[in-house]
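Biologist: I'd like a close look at the charged side-chain pairs in this one. Start with whichever pairing you like best, then work outward and tell me what sits around it.

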Amino acid sequence: PGTAAHNEWALKQIVKIRTKPLRDLAVEDVEAELKRLATRGASKRKTRGTNPRSLGKTSLMKVRRVLGVVLTEAERRRMISWNVAKLAQIPVGAAPPTKRRSLSTEEAKALLSAAQVDGPWYGLIAVMLYCGLRPGEVTGLPWSAVDLSEGTITVRQSRKMLPGGVMEIGGTKAHSDRVLALPVIVKNALIDHRRQQRAAKRAAPVWEDHGLVFANEIGRPLDPSNLRRLIDRLCGLAGIDP
């Protein structure tokens, strides 16, 4: 469903060449459309009901790729002689992707310290930092994937947002499981976390047991968006830029 929604978004961006017969579509047409998408936010004039935001290089590449998939099918059916989307180039002046930054070692230590002091999130932050789990992977991690005797976790599922705002836990994008060795500090953190979670389960008036390592106060899955807000708050307590 996520891929289908992504493809639909990409094709909706293409409006100027949509009515042109496939056999008449040229590389120049696709490049002109990509240039329009890259610069449409530069105009001060806004038409009601449209999105004037310019697309950056990454989004333009997505649009070109999805159009290329469509034209590959047309090529397979011998409706066109070649795939002009694959030959088209991204505009030179397209905005580059936003640079991401990682925490320094000292910042990571500060974040761990803040998590240890503030609430029951030390184990979660430790798993993300030491094992490199994504937000969806850590919020979808089940106890059945944790082997504390062997000191490993197996990443096989992820919590994700489907079109329409529906959350579900399903397989990861990778076709095979990732088995990760747990550093001693993470193993000990998970042992403590399991003890705390069992105590919270006994004390809670209502508990929904989904078998998850990290859940909210009544056992329900954590929303990855709430997790990001939690990390922002912990970064604030640690005095670092989130």
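Modeller: Here is a walk from the salt bridges to the sheet, then on to a few side chains and the cysteines.

Keep in mind that this is a predicted model. The count of salt bridges in it comes to 13, and my pick is the pair of bridges that meet at E137. One of them comes from R134, whose side chain meets that of E137 with N and O 2.8 Å apart. The other comes from R178, at 2.9 Å from N to O. The R178 pair is worth a second look, because R178 lies in strand β5 while E137 belongs to helix α7 (residues 135-139), so this bridge ties together parts that are 41 residues apart in sequence. Is E137 buried or exposed? With a relative accessibility of 4%, E137 counts as buried. Its partner R178 is partly exposed, at 26% relative accessible area.

For a contrast in setting, go to helix α3. There E73 and R76 make a salt bridge, their closest N and O atoms being 2.7 Å apart. Why do these two sit about one helical turn from each other? Because they are 3 residues apart in α3 (residues 57-76). E73 is partly exposed, with 31% relative accessibility, whereas R76 is exposed at 59%. The pair doesn't stand alone, either: shared partners join E73, R76 and R77 into one network of salt bridges. As background, side chains of opposite charge can pair when their charged atoms come close.

Back to β5, the strand that carries R178. It belongs to an open sheet of 3 strands in the order β1-β2-β5, with antiparallel pairing. Both β1 (146-147) and β5 (178-181) are edge strands with a single partner each, so one side of each has no neighbour in the sheet. So R178 sits in a strand, β5, that stands at an edge of the sheet. On the other edge, β1 is joined to β2 (residues 152-155) by 2 bridges, the two strands running antiparallel. If you want a residue pair to click on, take V146, whose bridge partner in β2 is I153.

Next, L212, which you'll find in the loop between α8 (184-203) and α9 (224-238). Loop or not, L212 counts as buried, because its relative accessibility is 5%. What does L212 touch, leaving out residues up to four places away in sequence? The contacts are T139, G140, L141, P142, W143, Q157, I169, Q197 and P221. One of these, T139, falls at the end of the range given for α7 (residues 135-139), the helix that holds E137. As for α8, the C-alpha of L212 is 15 Å from that of A199, a residue 13 places away along the chain.

A114, in helix α5, is another buried residue, at 10% relative accessibility. Apart from neighbours within four places in sequence, A114 is in contact with L234, L237 and A238. Between A114 and A145 there are 27 Å in space, C-alpha to C-alpha, and 31 residues in sequence.

On the surface, L103, L129, Y130 and I185 make up a nonpolar patch, and together they have about 300 Å² of accessible area. L103 lies in the loop between α4 (84-87) and α5 (105-117) and is partly exposed, at 31% relative accessibility.

That leaves the cysteines. How many disulfides are there? The count comes to 0. Take C131: the closest cysteine sulfur is that of C235, 18 Å away, which is too far for a bond, as a disulfide here needs the sulfur atoms within 2.5 Å. Seen from C235, the closest cysteine sulfur is that of C131, again at 18 Å. Both residues are buried, C131 at 13% relative accessibility and C235 at 3%.

Key
Residues numbered from 1 in each chain as written. Predicted model: local features only at pLDDT ≥ 70, side-chain atom pairs only at ≥ 80, totals over all residues. Heavy atoms only, no water. Helix = DSSP H or I, 4+ residues; strand = E, 2+ residues; numbered from the N terminus. Buried < 20%, exposed > 50% of the residue type's maximum accessible area, 1.4 Å probe, protein only. Contact = heavy atoms within 4.5 Å. Patch = residues over 30% accessible without salt bridge, like charges linked within 9 Å, V, L, I, M, F, W, Y side chains within 5 Å. Areas by Shrake-Rupley, 256 points an atom, 1.4 Å probe, with all protein chains shown as cover. Salt bridge = Lys/Arg side-chain N within 4 Å of Asp/Glu carboxyl O. Pairing = 2+ DSSP bridges.
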